[in-house]
Each structure stands twice: as C-alpha cells, then as structure tokens.
Amino acid sequence: MGTAPEPKEPTEPQEPIPLVLAGARGHGRRHLDNIRRLTAEGKVRLAGVCELAPLTREELGDGLGEPEQSADLAALVTRTGARIAVICTPIHTHADLALTAAERGAHLLLEKPPTPSYAEFTRMSEGLRGYGTACQIGFQSLGSHALPAIRKLVADGHIGAIRGIGAAGAWARDEDYYTRAPWAGHRTLDGRDVVDGVLTNPLAHAIATALHLADADRAEDVAGVELELYRANAIEADDTSCVRIRTTCGTTVAAAVTLCAEEPGEPYVVVHGDRGRITFWYKLDRVRIERDGAPPETTDHARTDLLDNLVAHLRDGTGLLVPPDRTGAFMRVVEAVRTAPAPVPLPAGAWRTEPGAGVTARAAKRRVVTGIDRLVTAGAERLALYSELRAPWAAPPTEVPHP
C-alpha cells in the first residue's frame, strides 16, 4: 500500500476585494448586477460608486450595503482604498479615468472600446505599465469557453485549411438610442474623439472575437484595413458598415454590421475552412460545426466572467483573459474608423422608418435599411464589402493607411 497523502492545510478565507464602479447607470447597471452576484459569493465588496448624481436607494438595490458615492473618482479610490475600479463611462473619458484610478493603486476592468484613438490607447497602456496595473478590457465574448474549443477544432483539422473568418451583426436601434447621451452617435464631441459607431461600439465584439479566432489580436498582427462606413440615421457616426482586415499571418477577417436591420438577429462569427465551417454565436456561447460528409453538430459552452477573472488574477495570478495588448488589433480598426472620411449618408430611398421597440412618452421609431440583412449575411459568407456585393448605395472601399 502507498503512503497516505499528507493532509492539506485549510485554506484561509480571503477577504472580499473592495472596488468602485464608475458609471452605474445605463450599461453600468449590468456591472452593478454582476458586482451584486460576486458580492454574494464573497469575492468583492462595493466600496464606492462614482456618478455625477448619486444613485438612489432604488437604483442601488439590495445586497451592496451603503457604498460611498462621489463624482470625484480620484478622491473615491483614495478614501475607499479600492483595489479594483470598474470603468463604464463615455468612451472619450476612458483613458483619463483609467490612469486616475491606476495612479491611486486600483486595478481595472475597463469597458470597450478601450479608447477612441490609437494614440490614447498607447498613452493609457504605457501609463498602466508604469503603475504596474492589471487591466482587463470588457470584451465579454472573449471569456467564452467556446473559443478554445473552436481553436482545437481548427487545429485538429476538422474543417481543413482556413480560408478566412467572417463576422455578421444585424441589430436594430431606435432613433432614441442616439439621444440617450450627449456623446451617442458622435465621432467627436467638444473637440475630443468619441468614435461611437457600429463597428467600434455596439458590434465591436464581432470584430474583436473574429480577430481573436484568427490569432491576430495584437496591433502588429494588422497589415491593412479596408472600410465602408454608412449611416441611415441622422448622426455623425456610422450605423451600417463593413470592414476587411488583412492580417500579417495571411488570414482575412471581414465584418458586416448594421443597427438598421429588417429582422434583428444574433450576431455571429464564422470560420471558413476548405472542408467545412464553424459558426459561433458569441452572445449565446453556441458553436455549430458543419463538415463535409457529416451532419452539423451544435454545442453550448460556459463563460468566465471578466471581473471574476480579474479577481482571480489579483488573488492567485490567474492569467487575464483580455489584457490591453490583446485588443491592439481591434484598436487599429478603431483608428482606421477615426481617420476615415465621414460616413456616407444613405439616400432616402435606401431606408424606411418603422415602429421601434422603445417605450417612451412618444411612439418610438427606427430606421431600416432595405435588403441589409441579406448583405450582412453575404458579407460574412464571402468576406466581401458592400460595394463588392453590389449594394446600390455602396461606393468603393476606403483603404486606410497603416498607422
């Protein structure tokens, strides 16, 4: 008989990590709910909320105690001793707030897109390295366990040689979506870059996920970017666009997206092989593989929460899932959008107005681009731009110089 193993020393329970949330309304409510979940698990403690106006008792809800509230993030981090700052604020405030929190010892979960320009991204990244700050960028789809499963399917040759990766997103947003905040739908605001377009914000996950699956998510992995930017809504930024990225490893990544869909559906990324394909519905963590001579197979996968991952990183050194350098290629796309000519307004005959889904004091409306669902699907299937698909309103693509 072997020697019985020595009993392990009991593990001391770890104290919850204090954190502050900057931006708790709008999309920030999702972070608030997630913090509530992790608080119940004993992993974090909400020490502070940074908002221009304090949250009401009803907005804060139960299970989070009585966090300090302030509009001054620097003072809030200092007074609370927060080790984590979750930043969910307007895009053009990200870099300054991230560095403010990092300078005072807080590690970061920073919403996507990280910054509105590559110069700001570089400034922020270099500053965070100097402070020794751990930073997780909020591309939730990159926490999906489907991603390593897809990579293994590809590596094992299940769909043959990869001929490209497409992404498709056909969503709908009411016109009120662009009046929800002063920066919404803007390329700039008060002289500052914002770049709040469909490629860079609402459907940014499609591009980031496709680049990840192409193993081309770092800045140096991008060899060139082609863009076609359009808008049906009365905004500065794009709401119906496509992009094609040439990577240094030779894989083509293309995305076709819109917020003016006829029939909104789940966005997806598709990996094209010469003997099959793999489709990943990244919001559902669902994968379907289709192979020559075999019936399709669909699997559902778990997901690691990005704040949970950051907590594990601080406690035991678990690797971060989405550090800033793994979003560098996406930021090359953001920079291409920022420096491209202004989005082209679609002619009035290319879109129509339909009832929206919002519940407001007046009837919500949304703009719908005729035939866009078919074009989005074809773009992801053929790795093609709208002009190549002969969209009647599409002009030749803009080739953006490599930064």
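## Exercises: two domains and what lies between them

UniProt, in an unreviewed entry, puts the feature "domain: GFO/IDH/MocA-like oxidoreductase" at residues 149-278; positions follow the numbering used here, feature names are shortened, and such annotations may be inferred rather than shown by experiment. This is a predicted model, where local features need pLDDT of at least 70, side-chain atom pairs count only at pLDDT 80 or more, and totals for chains, interfaces and linings use all residues. Residues are numbered from 1 along each chain as its sequence is written, and side-chain values use heavy atoms, leaving out hydrogens and water.

**Exercise 1.** Find the helix and strand content of residues 149-278.

*Solution.* Start with the rule: helices (H or I, at least four residues) and strands (E, at least two) are DSSP runs, numbered from the N terminus. On that basis, residues 149-278 are 13% helix and 36% strand. Now try the other annotated span, residues 21-139, which the unreviewed UniProt entry calls "domain: Gfo/Idh/MocA-like oxidoreductase N-terminal". Residues 21-139 come out at 41% helix and 19% strand.

**Exercise 2.** Work out how domain 1 and domain 2 meet.

*Solution.* First, get the bounds: domain 1 is 17-133 and domain 2 is 144-300 + 324-400, taken from an automatic or database domain assignment. Their C-alpha centres lie 28 Å apart.

Next, look at contacts (heavy atoms within 4.5 Å): 13 residues of domain 1 touch 22 residues of domain 2.

Then take the buried area, meaning the accessible area (1.4 Å probe) that two parts lose on being put together, summed over both. Here that's about 1,500 Å², with 66% of it on carbon and sulfur atoms. In domain 1, His92, Lys112 and Tyr118 lose the most area to domain 2, together 40% of what that side buries.

**Exercise 3.** Which residue forms a salt bridge with Asp96?

*Solution.* You need a side-chain nitrogen of Lys or Arg within 4 Å of a carboxyl oxygen of Asp or Glu. Arg192 fits, its closest N and O atoms with Asp96 being 3.7 Å apart. Across the interface of domain 1 and domain 2, the rule finds one salt bridge. As for which element gives the largest share of domain 1's side, that's helix α5 (residues 118-131), with three residues.

**Exercise 4.** Pick out the backbone oddities at Pro113 and Asp190.

*Solution.* Go to Pro113, in the loop between β5 (107-110) and α5. A cis peptide bond links Lys112 to Pro113, with omega about -15 degrees. Then move to Asp190, in the loop between β8 (188-189) and β9 (192-193). Asp190 isn't a glycine, yet its phi is positive, about 55 degrees.
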